[in-house]
Amino acid sequence: VRARERLPHWLTKPLSDPSDTRQVRAVLEAGRLNTVCDEARCPNRADCFARGTATFMILGDRCTRDCRFCAVSHDDPREVDPAEPAEVAAAAAALGLDYVVVTSVTRDDLPDGGAGHFVNVMSAIREALPGAGVEVLVPDFCGDEAAVEAVLGEHPKVFGHNIETVSRLYTAVRRGADYRRSLGVLETAASRGGRVLVKSSVMLGVGESRQELEETLGDLREAGVEIVCLGQYLSPSGQHRPVERYVPPEEFDELAEVCRAMGFRWVEAGPFVRSSYRAHEAAAALLGMDAASDAAFERSEHEDQGHLQAL
Amino acid sequence: LLIDIILEATETEADEFTVSYWKLDEGDAVAGGDELLVVESVDDKTAFSVAAKRSGRLAEIVAREDERVSRGAVLGRMEVA
């Protein structure tokens, strides 16, 4: 009875219960907010919405770049909505989030790439939810270090910027972006010190070789990235780049081990892994670990016992 | 008693799906929670399994492989006690 499987069996998930996602949907609609979950047609969106979370996508729903892997619409951008920071903060509060993930479209039309708007959104979230952690997933701001610094100045727990794919494929799938520039954004964030965790993601199955992938992972570590996410590229439509290869779950497991051996402190790897996947868990575990490590260090200083390793 | 197997997608999932394949033949026994079929959605870039809500027997396959179906469609029928 088995007919052809268009997608491999590991890319099958159960349909959600229709009643589970209504609360999040209602809050998002009330604030007229965009999420990357919807705009990028994330395969995990029903699961995340059912768990009461979403990743806010600010600065509109039109991207000034036209990446061949991305479902977000490419069009002339709209005016930045000055009410958006307050709306995002209100939605995060209505959802009772203690960890808020914010990303955006790329806005090459804005002098600061939208960094100032990120700052306003983060500041509004902090005001509405003083105890909440904020994670940002930013565009490359055309490599503008001042823009990166401005966002870092709002003290996100995690600063994310996705390298997305290997250097060779940038021209084909990430026009307008630059591999070295993206590494530079991550490096700027990592070199700033302080408590910010730097994160990046790579899509697999775009056409990269194993060697190229490992080189990219090495470049990310060298740039100071501590959290890495590896997920299966899924083509949004026939107009987008087709999937070159479906990577089986066991290969993701093996790659996760490779990443850990390279020194990444937190690795998410699996077919459905996306940048914001289990974002809260990584931050809580690592920041909790850092806090524990600090406490242990202070204690050991006191007791002259040498300090515990963070990992 | 015959009950419909309905495609109950959430509002965050796609409106349109394609039936990929049935995991059972008409007449097969089914336990509640068993996967009956897989549908695929271009919009969600993934495949979804549809599970039996109750135990019984797969009486009829209504939506055949490669058929396009919308949310709320009757995919098949089950005979339950």
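How many salt bridges does the rule find across the interface of chain A and chain B? Zero. This is a predicted model. In it, 29 residues of chain A are in contact with 29 residues of chain B. The area buried between the two chains is about 2,500 Å².

**Interface between chain A and chain B**

- Carbon and sulfur atoms give 52% of the buried area.
- Six residue pairs are in polar contact between chain A and chain B, with both residues at pLDDT 80 or more.
- Three elements of chain A each supply at least two residues of the side that touches chain B: strand S1 (12-14), helix H1 (22-30) and helix H3 (45-50).
- By class, that side of chain A has 15 nonpolar, ten charged and four polar residues.
- The ten charged residues on the chain A side stand alongside a salt-bridge count of zero across the interface.

**Strand pairing across the chains**

- Strand S1 of chain A also pairs with a strand of chain B: three bridges join S1(A) to S5(B), residues 46-51.
- S1(A) and S5(B) run parallel.
- Which residue of S5(B) is the bridge partner of A:Thr12? The partner is B:Ala47.

**Fold and dimensions of chain A**

- The secondary structure of chain A comes to eleven helices and ten strands.
- Chain A has a radius of gyration of 19 Å, close to the 19 Å that the globule rule gives for 311 residues, so chain A is as compact as a globular protein of that length.
- The C-alpha trace of chain A spans about 70 × 45 × 40 Å along its principal axes.

Note on methods:
Residues numbered from 1 in each chain as written. Chains lettered and ligands numbered in written order. Predicted model: local features only at pLDDT ≥ 70, side-chain atom pairs only at ≥ 80, totals over all residues. Heavy atoms only, no water. Contact = heavy atoms within 4.5 Å. Buried area = accessible area lost by both parts, 1.4 Å probe. Salt bridge = Lys/Arg side-chain N within 4 Å of Asp/Glu carboxyl O. Polar contact = N/O pair within 3.5 Å; in protein donor to acceptor, adjacent residues only side chain to side chain. Helix = DSSP H or I, 4+ residues; strand = E, 2+ residues; numbered from the N terminus. Nonpolar A, V, L, I, M, F, W, Y, C, P; charged D, E, K, R; others polar. Pairing = 2+ DSSP bridges. Rg over C-alpha atoms; globule rule 2.2 N^0.38 Å.
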